[in-house]
Amino acid sequence: MTSFSLRWLSRREPVDRRSRNRTLERALAKHFDGWRPLTVVDLGCGTGSNLRAMAPLLGPDQHWTLVDRDQGLLDAAAQRLSSWADGAHWKDGMLLLFKGAKRINAEFRRADLARELEAALGPSANLVTASALFDLASAAFIAAFAAATAARQSAFYTVLTYDGDQRWTPEHAADVAMVEAFHAHQRRDKGFGRAAGPDAPDALSEAFSAAGYAVSEGDSAWRLGPGDETLIAELARGFADAVGETELVEASTIDTWRAITRTGAIVGHADTLALPPVA
Ligand SMILES: C[S@@+](CC[C@H](N)C(=O)[O-])C[C@H]1O[C@@H](n2cnc3c(N)ncnc32)[C@H](O)[C@@H]1O
């Protein structure tokens, strides 16, 4: 099982936030304008960064169910959301958050989506969302997930799904071979069977279009440069480690690649908004 450290999730949160596609954010806000209360399920919630980014876009009365398989991350989510909010307290197993004019009820549910998707989705949320999740999932899971979401007529919005574009500054002769090997690593089983990796955005669009949804996609690439040095270095290390695990690139080439200090990187992502057909 791939696990995600608190440190890594904290490091990426501000970059994720600035990279989200603004056109899709506006379309989401417009779709849900006037909905009150609004029920939202966040899959693979980590420390709750998706709620922190999305709550300002949605109405004054929100009910979130945050789902993750990692209890440590769910506990961290409750803590971080409490610090983020202007006020927070627990009532009947629910965390009540007050942020500006928003009142947000948050429930936390531990579930493995690969085995407990129906329970994780619950009866019928208005919106199912996720951030940085679907490249870990298999094409078969994405198809089953779209069918389960469509059966509930829930809207779907996901952000920061890796799309295969990976560029480093300065460039290096081994970049192409390294990225190919990285993609082989990305397609390894991350708990859902063979992962869709960089094919996930297309798989999501196809699955929701087939279910009759109106699907929009927008660019949310990380564009890293001055000020992002720590993240770039960490990213390059993780990238080289993943390539090393595949044994598809000579160890000496990877060592040479690692030795370079990078000043920039582009990591391609896509955001997807899928709205159900009007009943
Ligand atoms: C890349 S992290 C993203 C976390 C968070 N959404 C964010 O954007 O910061 C992926 C998250 O999905 C969760 N996850 C991965 N596989 C899962 C599964 N099979 N069931 C439930 N959660 C899963 C991980 O524990 C992790 O919190």
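Visitor: What makes G44, D68, D112, L113 and S131 stand out around the ligand?

Guide: Of the 19 residues around the ligand, these five come nearest; a residue is near if one of its heavy atoms lies within 4 Å of the molecule. This is a predicted model, where local features need pLDDT of at least 70, side-chain atom pairs count only at pLDDT 80 or more, and totals for chains, interfaces and linings use all residues. Residues are numbered from 1 along each chain as its sequence is written, and side-chain values use heavy atoms, with hydrogens and water left out.

Visitor: Why is the pair between D68 and the ligand called a polar contact?

Guide: A polar contact is a pair of N or O atoms within 3.5 Å. A polar side-chain atom of D68 lies 2.6 Å from an oxygen atom of the ligand, so the pair meets that cut-off. For S131 the distance from a side-chain N or O atom to a ligand oxygen is 2.7 Å, and for S49 a polar side-chain atom is 3.0 Å from a ligand oxygen.

Visitor: How much of the ligand does the protein bury?

Guide: The protein buries 98% of the 590 Å² that the ligand exposes when taken alone, by the Shrake-Rupley method with a 1.4 Å probe.

Visitor: How do you know which helix gives the most to the lining of the second largest pocket?

Guide: Lining residues have an atom within 4 Å of a point on the 1 Å pocket grid. α9 (229-246) and α10 (251-259) each supply at least two of them, and α9 gives the most, with six residues. The lining includes E229, W257 and R262, and the pocket holds about 160 Å³ of space.

Technical notes: A polar contact is a pair of N or O atoms within 3.5 Å; within protein, one must be able to donate a hydrogen and the other to accept it, and residues adjacent in sequence count only if both atoms are side-chain atoms. On a 1 Å grid over the protein atoms alone, a cavity is a set of points where a 1.4 Å probe fits but cannot get out, and a pocket is an open set with protein on both sides within 12 Å along at least five of seven lines; lining residues have an atom within 4 Å of a point. Grid points are joined across faces, edges and corners, and a volume is the space filled by probe spheres set on the points. Helices (H or I, at least four residues) and strands (E, at least two) are DSSP runs, numbered from the N terminus.
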